Amino acid sequence: MSKYIVFKEIVFKDRELLLAALADIGYARIEEGEALPLYGYRGDRRTETAQIAVRRAHLGFASNDLGFARIDAGYVPIISEYDRRALRGGRLLPELRAAYAERVVERVRNRLRGSARRVTEGSVTKIRVRF
Amino acid sequence: MAREIEFSIDAETGELTTHIRGIAGPACEQAAKLVAEYLGQPTSETKTAEYNLRTQVQSRVRGTHGGGNGGER
């Protein structure tokens, strides 16, 4: 059994952008509610609860549910040790953060009615929003 | 100089850094506030030389106007 870890240092502030980012990386099927129970890969109910959940059926073989718990600053991921290592080759959180960042840039560009220019240098994508 | 926000997204870590350019001090804070609406408060923040330089220039201009008005009295 893999234990869940709450990543308090990774906060997704905006619910709408978080859902969009999850969909961007392939997790469009989510559940929302108050204190949704999270289940392990054997269907065992865990003690952790979340406001947003991606059920294990939509993740991968032997995966546990993935959750996001709401705190004052936004939503923090709750992910099992196993899934942290296994999902998307261990890159679930970096990929989700990058997808969320892309959504933030697009939202800010829209609000400023600006134009965007994108340049990629190695692993870093620079997006210049002029307004 | 055009008003610009440069976002840098590191695909390795997912980390996002922002650099606000071409905007005077208080207006720069407004742009930062807009970004913070979606990202929360930054883990670190550095005001560049440009931020300080522009604020100083504005202060000097205001000071000159004040002196001019005083001379006309």
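In strand β1 of chain B, B:Phe7 is the bridge partner of A:Ile127. I begin with that pair, in what is a predicted model of two chains. The strands concerned are β7 of chain A, residues 124–130, and β1(B), which pair in the antiparallel sense over seven bridges.

Let me now turn to the interface as a whole. The size of an interface is often given as the accessible area lost when the parts come together. Here chain B and chain A bury about 2,400 Å² between them, with 58% of that area on carbon and sulfur atoms. Which residues of chain B lose the most area to chain A? They are B:Phe7, B:Ile9 and B:Tyr38, which together supply 33% of what the chain B side buries. B:Phe7 is thus named twice, as the partner of A:Ile127 and in this group of three.

In terms of residues, the contact draws 25 from chain A and 24 from chain B.

Next, the polar side of the interface. Between chain B and chain A there are 15 residue pairs in polar contact, counting residues at pLDDT 80 or more. The elements of chain B that give two or more residues to the side touching chain A are β1 (4–10), β2 (16–21) and α1 (25–39). Of these, β1(B) provides the largest share, seven residues. By character, the chain B side divides into 12 nonpolar, eight charged and four polar residues.

How many salt bridges cross the interface of chain B and chain A? The rule finds four. One of the salt bridges in the model joins A:Arg111 to B:Glu37, with the closest N and O atoms 2.6 Å apart.

I move on to chain B by itself. Its secondary structure comprises two helices and two strands, in the order β-β-α-α along the sequence. Chain B has 73 residues, of which 32% are buried. Among contacts in chain B with a separation of 6 or more, 31% are between residues 24 or more positions apart.

One charged residue in this chain deserves a remark. B:Arg21 lies in strand β2 of chain B. Is B:Arg21 buried or exposed? B:Arg21 counts as buried because its relative accessible area is 17%, and the cut-off for buried is under 20%. The side chain of B:Arg21 also makes a polar contact of 3.4 Å with the side chain of B:Glu6.

Chain A, finally. It contains three helices and seven strands, and along the sequence they run β-α-β-β-β-β-α-α-β-β. The C-alpha trace of chain A spans about 50 × 30 × 25 Å along its principal axes. Of the 131 residues in chain A, 44% are buried. Residues 24 or more positions apart account for 49% of the contacts in chain A with a separation of 6 or more.

Within chain A, I would single out helix α1, residues 15–24. At the start of α1(A), a side-chain oxygen of A:Asp14 comes within 3.1 Å of the backbone nitrogen of A:Glu16. Along the helix, A:Leu17, A:Leu18, A:Leu19, A:Ala20, A:Ala21 and A:Leu22 are buried. What do the buried residues of α1(A) pack against? In chain A, they pack against β2 (31–39), β3 (45–54), β4 (66–71), β5 (74–80) and α3 (92–112), and, across the chains, against α1 of chain B. After the helix comes A:Gly26, which has a positive phi, near 105°.

How values were computed
Residues are numbered from 1 along each chain as its sequence is written. Chains are lettered from A and ligands numbered from 1 in the order in which they are written. This is a predicted model: local features need pLDDT of at least 70, side-chain atom pairs count only at pLDDT 80 or more; totals for chains, interfaces and linings use all residues. Side-chain values use heavy atoms; hydrogens and water are left out. Contact means heavy atoms within 4.5 Å. Buried area is the accessible area (1.4 Å probe) that two parts lose on being put together, summed over both. A salt bridge is a side-chain nitrogen of Lys or Arg within 4 Å of a carboxyl oxygen of Asp or Glu. A polar contact is a pair of N or O atoms within 3.5 Å; within protein, one must be able to donate a hydrogen and the other to accept it, and residues adjacent in sequence count only if both atoms are side-chain atoms. Helices (H or I, at least four residues) and strands (E, at least two) are DSSP runs, numbered from the N terminus. Ala, Val, Leu, Ile, Met, Phe, Trp, Tyr, Cys and Pro count as nonpolar, Asp, Glu, Lys and Arg as charged, and the others, Gly among them, as polar. Two strands pair if DSSP finds at least two bridges between them. Buried means under 20% relative accessible area, exposed over 50%, partly exposed in between (1.4 Å probe, protein chains only).
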